[in-house]
Every structure is written in structure tokens, then in C-alpha cells.
Amino acid sequence: MFGALSVVAFWAFGVGVLLGLGALVVAAVARDRARATQEPIPVEAVLGVLAGLAGITAGVLFLAAVLPNL
């Protein structure tokens, strides 16, 4: 959920980056819990990482393009 929200909110001056970081943290917790129980890593965790990285990238690119013009 955090990853999807980070992609949608990348234009909101750092909100997308923060949500993307949250997605990475939640995905890391899910991965650690899966490893502790000897289960495969959930697909949702992998998708969360990918969406979180996309949101962080889009947010950083947006900030880099907008901040010099303020």
C-alpha cells in the first residue's frame, strides 16, 4: 500500500519519497518474518519494494526539477 501511494503522491514535495521509504521498511519486515518461518518471500513484499523504489525515484526526480525554480 505504501509503495502504491508513493507512486501516486510523488508530486507532493517529499511525500512520495517518505511513503517509498515506508514501503521499503514494511517490505523488509515482511521478508524477515518470512525467513524466520522458513516460508517463501511474499509477492506483496517484492511488489512493495518495486513500487517503493519507483515512488522514491519519481519523487526525487520531481524535487530535482522543481526546487531550482522556487
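Where is Val46 found? I looked, and Val46 is in helix α3, residues 43-66. Helices here are DSSP runs of H or I with at least four residues, strands are E runs of at least two, and numbering goes from the N terminus.

**Ground rules**

I am working on a predicted model, so I note that local features need pLDDT of at least 70 and side-chain atom pairs pLDDT 80 or more, while totals for chains, interfaces and linings use all residues. Residues are numbered from 1 along each chain as its sequence is written, and side-chain values use heavy atoms, with hydrogens and water left out.

**Whole chain**

I get three helices and zero strands for the protein chain, in the order α-α-α. The C-alpha trace spans about 50 × 15 × 15 Å along its principal axes. I checked burial next: buried residues are 27% of the 70 in the protein chain. Buried is under 20% relative accessible area, exposed is over 50%, and partly exposed is in between (1.4 Å probe, protein chains only).

The accessible surface comes to about 4700 Å², with 76% of it on carbon and sulfur atoms. That is Shrake-Rupley with a 1.4 Å probe, and for residues only the protein chains shown count as cover. For contacts (heavy atoms within 4.5 Å), I took those with a separation of 6 or more, and 63% of them join residues 24 or more positions apart.

**Helix α3**

I put a ruler on α3: its 24 residues reach 34 Å from first C-alpha to last, close to the 34 Å expected at 1.5 Å a residue. The expected span is 1.5 Å times one less than the number of residues. Its buried residues are Ala45, Gly48, Gly52, Gly55, Ile56, Gly59 and Val66. I find that the buried residues of α3 pack against α1 (2-8) and α2 (15-36).

**The patch**

Back to Val46, which is partly exposed at 42% relative accessible area. Val46 joins Ile41, Val43, Leu47 and Leu50 in a nonpolar surface patch of about 450 Å². Patch members need over 30% relative accessible area and no salt bridge; like charges are joined within 9 Å, nonpolar side chains (Val, Leu, Ile, Met, Phe, Trp, Tyr) within 5 Å. A salt bridge means a Lys or Arg side-chain nitrogen within 4 Å of an Asp or Glu carboxyl oxygen.

**Odd phi angles**

I flagged Phe13, not a glycine, for a positive phi of about 35°. Phe13 sits in the loop between α1 and α2 and is partly exposed at 49% relative accessible area. I also flagged Gln38, again not a glycine, with a positive phi of about 60°. Gln38 is in the loop between α2 and α3 and counts as exposed at 71% relative accessibility.
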